[in-house]
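Colleague: Could you pick one part of this model and walk me through it slowly? I am still new to reading structures, so please connect each step to the next.

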Amino acid sequence: MLIETCAGLLDDDEPEDCIRKEAIEETGYQVKNVRKVFQLYMSPGGVTEIVHFFIAEYDDSLRENEGGGVEDEAIDVLELPFSQALTMIRQGQNLRR
C-alpha cells in the first residue's frame with residue numbers, strides 16, 4: 001500500500017487550480033484557504049519538474065462526492081487527524097490495515 005497526498009499533473013493549469021481540482025477528484029472534498037507552503041525540484045540536476053506543495057482546509061459541508069479518482073485511478077480515501085499524520089511522519093511509522 002502507498003499513502004500519498006492529492007497530486008496531479010498541471011496540464012496547463014496553475015498549481016493552485018490543479019490542487020483544487022485534484023482534491024475534489026481524489027478525496028471528494030472542495031478545499032478552502034489553499035496556501036502554498038513550498039516547491040522543489042523532483043530530481044535536481046536530472047529533470048526540471050517542479051513539485052508544488054499546498055495545505056488547505058476542508059470540512060463535511062465541502063464534500064461533493066465520494067472521491068476515489070477518475071477512470072484509471074483506484075484511490076481509497078484515508079483521513080487522518082493532522083497531528084497523527086505529522087507524528088507518523090516524524091516516527092517513520094507505517095500504516096497497518
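Modeller: Let's begin at valine 37, which is found in strand E1. Please keep in mind that this is a predicted model. Is valine 37 buried, exposed or partly exposed? Its relative accessibility is 36%, so it counts as partly exposed, since that class sits between under 20% for buried and over 50% for exposed.

Now look at the company valine 37 keeps. Together with Phe38, Leu40, Phe53 and Ile55, Val37 makes a nonpolar surface patch of about 380 Å². Two strands are involved: E1, spanning 32–41, and E2, spanning 50–57, each supply at least two residues of this patch. The strand that gives the most is E1, with 3 residues.

Two members of the patch, Phe38 and Phe53, will come back in a moment, when we turn to aromatic rings. Rings of this kind pair if their centres lie within 6.5 Å, and by that rule the count is 2 aromatic pairs. In one of them, the ring centres of tyrosine 29 and tyrosine 58 are 4.7 Å apart and the planes meet at 55°, so this pair is tilted. Tyrosine 29 sits in the loop between helix H1 (15–27) and E1, while tyrosine 58 sits in the loop between E2 and helix H2 (82–91), so the pair ties together parts 29 residues apart in sequence. What about their cover? Tyrosine 29 counts as buried because its relative accessibility is 6%, whereas tyrosine 58, at 36%, counts as partly exposed.

Here is where our patch returns. Phenylalanine 38 and phenylalanine 53 also form an aromatic pair, with 4.4 Å from centre to centre and 20° between the planes, and this pair is stacked. Phenylalanine 38 lies in strand E1 and phenylalanine 53 in strand E2, so the pair links parts that are 15 residues apart in sequence. Both rings belong to residues that count as partly exposed: phenylalanine 38 at 42% relative accessibility and phenylalanine 53 at 30%. So one pair of strands gives you both a nonpolar patch and a stacked pair of rings joining E1 to E2.

Let's step back along the chain from tyrosine 29 to threonine 27, which is found in helix H1. Threonine 27 is buried, with a relative accessible area of 18%. Its side chain has two contacts to follow. The side chain of threonine 27 reaches the backbone oxygen of alanine 23 at 2.5 Å, and it also reaches the backbone nitrogen of tyrosine 29 at 3.2 Å. That second contact brings us back to tyrosine 29, a member of the tilted ring pair.

This stretch also has a label in a database. UniProt, in an unreviewed entry, lists residues 8–29 as "short sequence motif: Nudix box". In the model, the chain over residues 8–29 is 59% helix and 0% strand, and its end C-alpha atoms are 16 Å apart.

Last stop: the segment before H1, where aspartate 11 lies and where aspartate 12 has its place as well. Aspartate 11 has a positive phi of about 45° although it is not a glycine, and aspartate 12 likewise has a positive phi, of about 70°, without being a glycine. At 57% relative accessibility, aspartate 11 counts as exposed, and aspartate 12 is exposed too, with a relative accessible area of 83%.

Conventions
Residues numbered from 1 in each chain as written. Predicted model: local features only at pLDDT ≥ 70, side-chain atom pairs only at ≥ 80, totals over all residues. Heavy atoms only, no water. Patch = residues over 30% accessible without salt bridge, like charges linked within 9 Å, V, L, I, M, F, W, Y side chains within 5 Å. Areas by Shrake-Rupley, 256 points an atom, 1.4 Å probe, with all protein chains shown as cover. Salt bridge = Lys/Arg side-chain N within 4 Å of Asp/Glu carboxyl O. Helix = DSSP H or I, 4+ residues; strand = E, 2+ residues; numbered from the N terminus. Buried < 20%, exposed > 50% of the residue type's maximum accessible area, 1.4 Å probe, protein only. UniProt positions renumbered as here; feature names shortened; annotations may be inferred. Phe/Tyr/Trp six-rings, centres within 6.5 Å; stacked < 30°, edge-to-face > 60°. Polar contact = N/O pair within 3.5 Å; in protein donor to acceptor, adjacent residues only side chain to side chain.
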